[in-house]
Amino acid sequence: MKISHNWLTQFINIPLTTDETSAILTDIGLEVEKLEKKEALPGGLKGVVVGEVLETSQHPNADKLKLTKINIGSKEPLAIVCGAPNVAEKQKVIVATVGTTLYPTEGDAFKIKKSKIRGEESMGMLCAEDEIGIGTGHDGIMILKEEAIPGTPISDYLNMKDDWVYEIGLTPNRSDAMSHWGVARDLVVAMKHKGIIGKDTMLCKPSVESYSQDNNNLPISIHVENHEACPRYVGVTITGVKVDESPEWIKERLLSIGLSPINNIVDITNYVLHELGQPLHAFDASKIKGNKVVVKTTKSETKFTTLDETERSLHEDDLMICNEEAPMCIAGVFGGLTSGVSNETTSIFLESAYFNPVSVRKTAKRHSLNTDASFRFERGIDPNITTYALKRAAMLIKEIAGGEISSEIQESYPTPIKDHTTSFSYKRCNTLIGKEIPTETVDEILSLLDIKTLNKEGDQLTLEVPAFRNDVTREADIIEEILRIYGFNNIDIPAKLNTSIAYSKGIDKDKLKNIVSDLLVNNGFYEMMANSLTKSNYSIDFSGELIDPNNNVKLLNPLSSDLDVLRQSLLFNGLETISYNIKRQIKNIKTFEFGKTYHKKEDKFIEENYLTLFLTGTSQEESWKAATSSVDFNHTKQTLENILVRLGIFKNEQLEETNHPHLTYGLSYSINRKKVADIGLTKQDISNSFDIKQEVYAAIIHWDTVLELMVMNKTKYKPLSKYPSSRRDLSLLLDKSTPFSAIKEIAKKADRKLLKEIGLFDIYQGKNLEEGKKSYAVSFLFRDDEKTLQDKQVDKIMSKIQSELENKLNASLR
């Protein structure tokens with residue numbers, strides 16, 4: 001939420017710098033996330049001053065140019081060549097000095113330089129209003145009043161004030177601070193408590209005492225049928241208005257907080273909204289059939305076209321503002337296309353209301369709408385400011401757009417919303433805060449917050465909280481209010497920290513994550529954390545066995561089409577990250593992410609935990625000391641196995657060729673017949689869709705399965721062998737349908753005593769291989785734990801293995 005400093009000073013004089021004000025706002029819970037200077041005009045008109053024309057003469061080399069001598073308050077006058085037809089002696093004019101950058105109303109900015117024009121030196125420029133960005137006129141230079149003093153900065157002469165804008169990260173419960181009035185109210189409380197301003201300082205609230213009805217020429221009646229959804233509704237008619245451009249002061253206020261001016265009527269409703277926090281709506285009175293406003297729900301599936309020209313099907317619980325014949329507006333959310341103010345409007349019906357927060361929230365979510373009005377109504381506005389805000393807006397409309405107030409204020413408020421009461425204990429307050437605060441200080445803070453003490457008996461108080469603080473309902477809420485004004489920084493940090501040691505059975509999931517994270521980081525990986533929200537198009541473009549558009553967990557009110565579902569796979573987040581880095585010339589990437597996937601199957605929502613690894617580029621950075629090599633399948637395989645070994649679960653493993661739909665080739669790891677991971681080369685068409693041209697290897701680890709195996713895992717001590725191992729490798733050409741498990745089974749049958757490990761360290765499919773064939777590079781590790789192996793023993797076993805592979809699997813050596 002954006003708050004203008006200049007706008008705040010409408011309510012209270014702030015004797016602080018903007019940085020000091022930011023610090024106080026943050027201390028009291030209105031965290032200032034950003035402080036930005038807003039210049040009244042781009043560049044702030046720096047270097048532009050008032051000048052006086054001392055002399056004019058005809059340019060010797062140009063009929064339409066004149067030579068002038070300009071006094072800008074310096075020792076020597078400036079020689080400036082001017083082409084304006086209206087320049088004359090003794091005029092007060094606007095002068096842009098050398099070095100000034102001008103931002104014209106139209107076109108690009110340009111810098112004033114010392115120059116020669118048709119042979120004559122020019123030390124500046126005499127400006128028209130469009131050349132300095134304050135208007136559109138270009139008939140001649142801008143002539144100032146005679147009393148203007150040469151040398152005066154033009155920003156001072158025009159009384160143009162820069163502004164500062166606080167961007168506040170407002171928490172959802174602080175609906176009372178969703179306006180400049182609300183922020184000023186909180187700021188005054190803090191400044192009074194800190195002694196920055198006097199205790200008797202009052203907020204300057206715009207007066208509506210002069211409000212009066214002019215006639216009763218256009219009475220429009222109000223009929224509220226659903227008082228639960230609309231506890232209070234107020235309206236008045238104004239006739240004879242002229243819809244036009246807003247005055248500069250309103251446009252400046254709206255622009256300062258990021259709003260675009262539309263017309264004077266709409267701008268006034270927006271102005272009052274951000275000034276007081278009360279949403280308003282102006283209807284074209286001529287569009288209200290039967291001169292009757294009816295607040296009610298309509299039949300389900302009723303069609304209604306909103307201001308954004310979207311036809312919507314209404315729900316039976318959507319509260320609508322209707323005329324005698326049809327709906328005109330979705331109450332508290334969005335206006336209708338045909339009932340709003342247009343350039344032809346001459347009479348308006350001005351609405352101010354308090355709608356039920358739950359009703360507005362549900363309607364806004366159903367229609368995926370998020371407006372300034374619904375944002376406030378959803379959180380609960382001040383129910384007691386409704387009529388005041390209406391009068392404030394009506395008076396501004398009369399002042400700016402003309403017209404007359406042509407009806408009594410019509411109001412429906414059958415059950416007034418009362419202030420709420422709660423109990424409070426000084427002792428409980430000190431216990432929760434952790435510091436004893438004097439009762440006098442507590443009483444003072446409560447009074448400053450407009451919280452009244454109805455009854456006091458010893459330590460116990462009965463308090464009345466104003467209705468605009470709908471988030472303060474319990475004793476703990478009162479204590480929080482006291483603490484934020486007293487100051488969190490004023491609570492001492494205790495010298496002693498008490499804790500208790502809790503014994504927990506089972507595995508420590510966080511510890512396991514840290515163990516694996518440390519292992520990966522020490523091997524050159526970077527941890528990434530991606531958004532769980534992603535685009536639904538992924539589930540359509542890459543649908544298959546693992547990802548199904550029908551299993552998407554959809555958001556009811558997505559921020560954009562790129563963040564409209566929860567992810568079903570971590571793969572695409574990783575590819576997005578790789579693509580982002582490659583486009584910034586970071587091509588050697590090793591990342592990992594712990595995260596969840598989300599699936600909707602039938603009526604159940606399923607969350608699964610995964611660890612994904614991504615490797616692309618070279619295995620190490622370029623160096624004169626060593627040659628670089630590209631990461632490959634073996635790097636990915638080794639990293640996965642290092643993780644499983646570190647966790648102590650790499651045993652009884654089964655390796656199969658992966659059938660993962662997003663991998664070109666690879667392996668599937670299972671342990672105790674539970675699938676643990678898939679690793680391999682990401683399909684190139686998927687990588688291409690992320691603008692990735694280089695190979696990307698991925699490991700998709702089922703972290704939930706890893707945790708299950710860790711529970712069953714029992715660590716056993718086994719001494720290291722005293723005798724060396726011997727390794728032999730075979731590069732085999734096999735049928736594509738042959739799994740690695742078949743090779744492993746044959747090898748184990750060939751020898752069960754000396755053959756300790758069988759590994760697959762490379763897979764190749766592609767060029768230079770026969771159709772329907774693939775290549776496996778398999779390692780065999782032999783060791784005798786009782787004596788040193790002889791080559792003859794190993795050769796004999798390898799010959800047997802090779803023969804069995806050739807006979808049973810039709811394998812051949814490459």
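# Briefing: a helix, its cover, and some salt bridges

In helix α5 (residues 248-256), the buried residues are I250, K251, R253, L254 and S256. That helix is a handy way into this model, which is a predicted one. From there, the tour takes in a pair of crossing helices, a set of salt bridges, two residues with unusual backbone angles, and two buried strand residues.

**Helix α5 and its surroundings**

- The buried list for α5 mixes residue types, with K251 and R253 sitting in it alongside I250, L254 and S256.
- Spacing is worth a thought here: an α-helix has 3.6 residues a turn, so residues three or four places apart point the same way.
- What covers these buried residues? Among the helices, the cover includes α1 (5-8), α6 (264-276) and α9 (386-401).
- Strands join in as well, with β1 (2-4), β2 (32-38) and β13 (163-168) included in the cover over the buried residues of α5.
- Just past the end of α5, G258 adopts a positive phi of about 90°.

**Where α11 meets α12**

- Two packed helices are described by the angle between their axes and the distance between the axes.
- For helix α11 (residues 439-448) and helix α12 (residues 475-486), the axes come within 10 Å and the crossing angle is roughly 100°.
- An angle from 65 to 115 degrees counts as roughly perpendicular, and α11 and α12 are therefore roughly perpendicular to each other.
- On the α11 side, the residues in contact are T441, V442, I445 and L446; on the α12 side, they are I478, E481, I482, I485 and Y486.
- Sorted by class, that contact has seven nonpolar residues, one polar and one charged.

**Salt bridges**

- How many salt bridges are there? The count comes to 39.
- One of them pairs the side chains of E411 and R232, at 2.7 Å from N to O. E411 belongs to strand β25 (residues 410-412) and R232 to strand β15, so this pair ties together parts that are 179 residues apart in sequence.
- Are the two partners buried or exposed? E411 is partly exposed at 39% relative accessibility, while R232 is buried, with a relative accessible area of 9%.
- E481, already met in the contact with α11, also forms a salt bridge with R469, where the closest N and O atoms are 2.6 Å apart. E481 is in helix α12 and R469 is in the loop between β28 (460-465) and α12, twelve residues apart.
- Both E481 and R469 are buried.
- E481 and R469 also belong to a network of salt bridges, whose other members are R174, D176, D186, D471 and R484.
- K583 and D691 form another salt bridge, with their closest N and O atoms 3.6 Å apart. The K583 end is in the loop between α15 (571-582) and β33 (589-601), and the D691 end is in the loop between α17 (684-689) and β38 (696-702), 108 residues apart.
- Here K583 is exposed, at 52% relative accessibility, and D691 is partly exposed, with a relative accessible area of 46%.

**Positive phi outside glycine**

- As background, most residues other than glycine have a negative phi.
- R118 has a positive phi, near 50°. You'll find R118 in the loop between β9 (115-117) and β10 (120-122), where it is exposed with a relative accessible area of 53%.
- N672 also isn't a glycine, yet has a positive phi of about 55°. N672 is in the loop between β36 (663-671) and β37 (674-682), and is partly exposed at 41% relative accessible area.

**Two buried residues in strands**

- T239 is part of strand β15 (residues 232-239) and is buried, with a relative accessible area of 15%.
- Which side chain makes a polar contact with that of T239? S406 does, at 2.6 Å.
- Leaving aside residues up to four places away in sequence, T239 touches L218, T346, S347, G403, E404 and S406.
- E593 is in strand β33 and is buried, at 1% relative accessibility.
- The side chains of E593 and R567 are joined by a polar contact of 3.1 Å.
- Residues that E593 touches, beyond four places away in sequence, include M528, M529 and A530, along with R567, L570 and N573. Y610, L611 and T612 are touched by E593 too.

Definitions and conventions: Residues numbered from 1 in each chain as written. Predicted model: local features only at pLDDT ≥ 70, side-chain atom pairs only at ≥ 80, totals over all residues. Heavy atoms only, no water. Helix = DSSP H or I, 4+ residues; strand = E, 2+ residues; numbered from the N terminus. Buried < 20%, exposed > 50% of the residue type's maximum accessible area, 1.4 Å probe, protein only. Polar contact = N/O pair within 3.5 Å; in protein donor to acceptor, adjacent residues only side chain to side chain. Contact = heavy atoms within 4.5 Å. Axes fitted to C-alpha atoms, helices over the stretch in contact; angles between N-to-C directions. Parallel < 35°, antiparallel > 145°, perpendicular 65-115°, else oblique. Nonpolar A, V, L, I, M, F, W, Y, C, P; charged D, E, K, R; others polar. Salt bridge = Lys/Arg side-chain N within 4 Å of Asp/Glu carboxyl O.
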